[in-house]
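Walk through this model one element at a time. Keep the structure open beside the text and follow the contacts as they come up.

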Amino acid sequence: MTTTTKTPITDLTLAEVISLTQAGLIGLQDGVPVYTDKADRAAKAGATKARRQGVLAEVTEFFASPQGQKAKFFSVKPTSGMFAACAVAINQNVEASREDILWSLKQLEKKGLAKQVGIKGKVVGEDRGIEKKVMVIVPVSEVNNF
């Protein structure tokens, strides 16, 4: 029984104390039962999992929205290549860390709902002092685009 918040040990039932002790989540310190470091790690992992599931829901909702349906390419954050590809930066629509957005995109990729591609902007000329760029497909290892 791992939770993201720790109930005071005194509020646990005997069965819960036994179960948590067997799992290594409760130990004795100076004769008093306390949560172990393993319990702290489990609580943090549970919080991370819950947060990432929320970000995944937001990213999925964004892709289902009209704005998410417009673009063919997406980037986690604004990059030079995304402008040439008319890509949309996801972090402008989903407020989350880069790592959590990438995790969500990887989950969508595993389900076959997203594909990672590499895009960069390549300067092909100039018009009135403004660089003209076009999209170029590059190896995925060079970029973080979906």
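In this predicted model, the buried residues of H5 pack against H2. Seven names make up the buried side of that statement: Asp 100, Ile 101, Leu 102, Ser 104, Leu 105, Gln 107 and Leu 108 are the buried residues of H5. The helix itself has 13 residues. From its first C-alpha to its last it reaches 18 Å, close to the 18 Å expected at 1.5 Å a residue. After H5 comes Gly 112, with a positive phi near 80°.

Now turn to the partner. H2 has 28 residues, which should span 40 Å at 1.5 Å a residue. Its end C-alpha atoms lie 41 Å apart, so the span agrees. Which residues of H2 are buried? They are Ala 39, Ala 43, Val 55, Leu 56, Val 59, Phe 62 and Phe 63. What do these buried residues pack against? The list holds E2, helix H3 (66-70), strand E3 (74-75), strand E4 (88-89) and H5.

The packing leads to the core. The largest nonpolar core has 16 residues. Val 59, Phe 62, Phe 63, Phe 74, Ile 90, Leu 105 and Leu 108 touch the most other members. Helix H2 (37-64) and helix H5 (98-110) each supply at least two residues of this core. H2 gives the most, with 5 residues. Another core lies apart from it. That one has 6 residues, among them Leu 12, Leu 25, Ile 26 and Ala 39. Ala 39 is also one of the buried residues of H2.

Two of the core phenylalanines deserve a closer look. The count of aromatic pairs comes to 1. The ring centres of Phe 62 and Phe 63 are 5.6 Å apart and their planes stand at 45°, so the pair is tilted. The reasoning rests on the cut-offs: planes under 30 degrees apart would count as stacked, and over 60 as edge-to-face. Phe 62 is buried, at a relative accessible area of 6%. Phe 63 is buried too, at 17% relative accessibility.

Next, the strands. E1 (residues 26-29) and E2 run antiparallel, joined by 4 bridges. Within this pairing, Gln 29 stands opposite Val 32 in E2. The two strands form a hairpin with 2 residues between them. Where does Asp 30 lie? It sits in the loop between E1 and E2. Its phi is near 55°, a positive value in a residue other than glycine. Is Asp 30 buried or exposed? Asp 30 is exposed, with a relative accessible area of 77%.

Stay on E2 for one more residue. Pro 33 lies in this strand, which covers residues 32-35. At 38% relative accessibility, Pro 33 is partly exposed. Leaving out residues up to four places away in sequence, Pro 33 touches Ile 9, Ile 26, Gly 27 and Leu 28. Ile 26 is also listed in the 6-residue core. Thr 21 is 12 residues from Pro 33 in sequence, and their C-alpha atoms are 9.2 Å apart in space.

A second hairpin comes later in the chain. Strand E5 (residues 118-127) and strand E6 (residues 130-138) pair in the antiparallel sense over 9 bridges. Glu 126 has Glu 131, in E6, as its bridge partner. This hairpin has 2 residues between the strands. Arg 128 lies in the loop between E5 and E6. Its phi is positive, about 55°, although Arg 128 is not a glycine. At 80% relative accessibility, Arg 128 counts as exposed.

Step back to the whole chain. How many helices and strands does the protein chain have? There are 5 helices and 6 strands. Along the sequence they follow the pattern α-β-β-α-α-β-α-β-α-β-β. The protein chain has 146 residues, and buried residues make up 29% of them. Among contacts with a separation of 6 or more, 48% come from residues 24 or more positions apart. The protein chain exposes about 9500 Å², and carbon and sulfur atoms supply 54% of that area.

Definitions and conventions
Residues are numbered from 1 along each chain as its sequence is written. This is a predicted model: local features need pLDDT of at least 70, side-chain atom pairs count only at pLDDT 80 or more; totals for chains, interfaces and linings use all residues. Side-chain values use heavy atoms; hydrogens and water are left out. Rings of Phe, Tyr and Trp (its six-membered ring) pair if their centres lie within 6.5 Å; planes under 30 degrees apart count as stacked, over 60 as edge-to-face and the rest as tilted. Buried means under 20% relative accessible area, exposed over 50%, partly exposed in between (1.4 Å probe, protein chains only). A nonpolar core is a set of buried Ala, Val, Leu, Ile, Met, Phe, Trp, Tyr and Cys residues joined through side-chain atoms within 4.5 Å. The expected span of a helix is 1.5 Å times one less than its number of residues. Contact means heavy atoms within 4.5 Å. Accessible areas come from the Shrake-Rupley method with a 1.4 Å probe; for residues, only the protein chains shown count as cover. Two strands pair if DSSP finds at least two bridges between them.
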